[in-house]
Amino acid sequence: MIDFRIDRERCVQCGECAQDCPMQIISMDSGYPDVPPEKESICINCQHCLAICPSEALSIHGSRPEDSLPLDGALPRREELETLVMGRRSVRRYSDAPVDKGEIDRLLQVASYAPAARNNEARLLTVVDDAGVMDQYRKLTYHGLSLAAKNDQIPQSLAFFSRFPEAFAQGRDVIFRGAPHMLAVSSPKDGPAPEADCFICLSTFDLLATGAGLGTLWCGLAKWAMEIVPEMRIALGIPGDHVLGYVMVFGKPAAKYRRTVQRGPALVRRLKIKS
């Protein structure tokens, strides 16, 4: 049951919910919005109908319009978003101070609103929110790389990883850059677009974290290291039937960037079809 409810005293019978429903399951045959029982299973819980209703008349899946955030006049200005996107940097120097777990929870909750194919809510956000646990994970990674190097188990394409354990012994964390936290996003392999779902979620988290004054780094080295040290994925508890999209480290930055960088014109190609 999708618990589709209409407050007829509030409903203005505009039909916006029916027109905007991605699955086209809302009927206006009675003059008021309705979902036939045989079509309820098609609902993907996107809640477009709840979001678009102009009179707060529609509830679905137990979600009520009065519990949602209003959008009119509340969205950030275009210039603010542009500055956020252009000012975001890949941070490779972090403070030892951990991020408050409540702040991390808030970022993860909002990041879970990121788009997903067919509104797939099975996406899993695996976070290391304890700096002590992050240190243990760091040691596990470099120990695994050290063993792989000694046993000649590092693929030629990743041969440069053999140098990392020695660097770590000398106090240089080449892979995680000393970050106190990490986020890995995975999604079921049988989903409509598992890799895209992960990247979109991480991109959303990236901008949210930047807006909250935190630093982030898309940690490709950690993702590649998992090909050499499978214990890394096991330790994270990523389900075997999931695609691991990517890994991001984050924390309070030890570097403060003062301005945006300057890049050349975007490479844009516009489609033209000959008649």
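I'll start with the second largest cavity: the residues lining it divide into 10 nonpolar, 3 polar and no charged. This is a predicted model, so please hear everything that follows as a description of that prediction. The space in this second largest cavity is about 80 Å³. It is lined by 13 residues, and the ones closest to its centre are Cys11, Cys14, Cys17, Pro33 and Cys53.

How many cavities of 30 Å³ or more does the structure hold? The count is 2. The largest cavity has about 120 Å³ of space. Of its 16 lining residues, Cys21, Ile25, Cys43, Cys46 and Cys49 are the closest to the centre. By class, the lining of the largest cavity divides into 13 nonpolar and 3 polar residues, with no charged ones.

Now the chain as a whole. It has 9 helices and 6 strands. Its radius of gyration is 23 Å, where a compact globule of 275 residues would have one near 19 Å. The C-alpha trace spans about 75 × 55 × 45 Å along the principal axes.

Next, the pockets. The largest pocket has a volume of about 1,900 Å³. There are 43 residues in its lining, and those closest to the centre are Leu69, Leu71, Val110, Tyr113 and Ala114. Four elements give two or more residues each to this lining: helix H2, residues 48–52; H3; helix H4, residues 101–111; and helix H7, residues 194–211. Which element gives the most to the lining of the largest pocket? That is H4, with 5 residues. The classes in the lining of the largest pocket are 27 nonpolar, 9 polar and 7 charged residues.

The second largest pocket contains about 380 Å³ of space. Its lining consists of 18 residues, with Gly87, Arg88, Arg89, Thr210 and Tyr257 the closest to its centre. Two elements, H3 and strand S5 at residues 215–218, each supply at least two residues of this lining. H3 has the largest share of the lining of the second largest pocket, at 3 residues. As for class, the lining of the second largest pocket has 6 nonpolar, 7 polar and 5 charged residues.

H3 has now come up for both pockets: it gives two or more residues to the lining of the largest, and it supplies 3 residues to that of the second largest. I'll stay with this helix for a moment. H3 runs over residues 78–87, and Val85 has its place there. Val85 also belongs to a nonpolar surface patch of about 250 Å², which it makes with Met86 and Leu207.

H3 holds a salt bridge as well. Which side chains meet in it? They are those of Arg78 and Glu82, at 2.9 Å from N to O. Both residues lie in helix H3, 4 residues apart, which is about one turn of the helix. For the structure, the count comes to 11 salt bridges.

To go back over the main points: the cavities have linings with no charged residues, in the largest and in the second largest. The pocket linings do include charged residues, 7 in the largest and 5 in the second largest. And helix H3 holds Val85 of the nonpolar patch, together with Arg78 and Glu82 of the salt bridge. That is what I have on this model.

Key:
Residues numbered from 1 in each chain as written. Predicted model: local features only at pLDDT ≥ 70, side-chain atom pairs only at ≥ 80, totals over all residues. Heavy atoms only, no water. Patch = residues over 30% accessible without salt bridge, like charges linked within 9 Å, V, L, I, M, F, W, Y side chains within 5 Å. Areas by Shrake-Rupley, 256 points an atom, 1.4 Å probe, with all protein chains shown as cover. Salt bridge = Lys/Arg side-chain N within 4 Å of Asp/Glu carboxyl O. 1 Å grid on protein atoms, 1.4 Å probe; cavity = no way out; pocket = protein on both sides within 12 Å on 5 of 7 lines; lining within 4 Å. Points joined across faces, edges and corners; volume = space filled by probe spheres on them. Nonpolar A, V, L, I, M, F, W, Y, C, P; charged D, E, K, R; others polar. Rg over C-alpha atoms; globule rule 2.2 N^0.38 Å.
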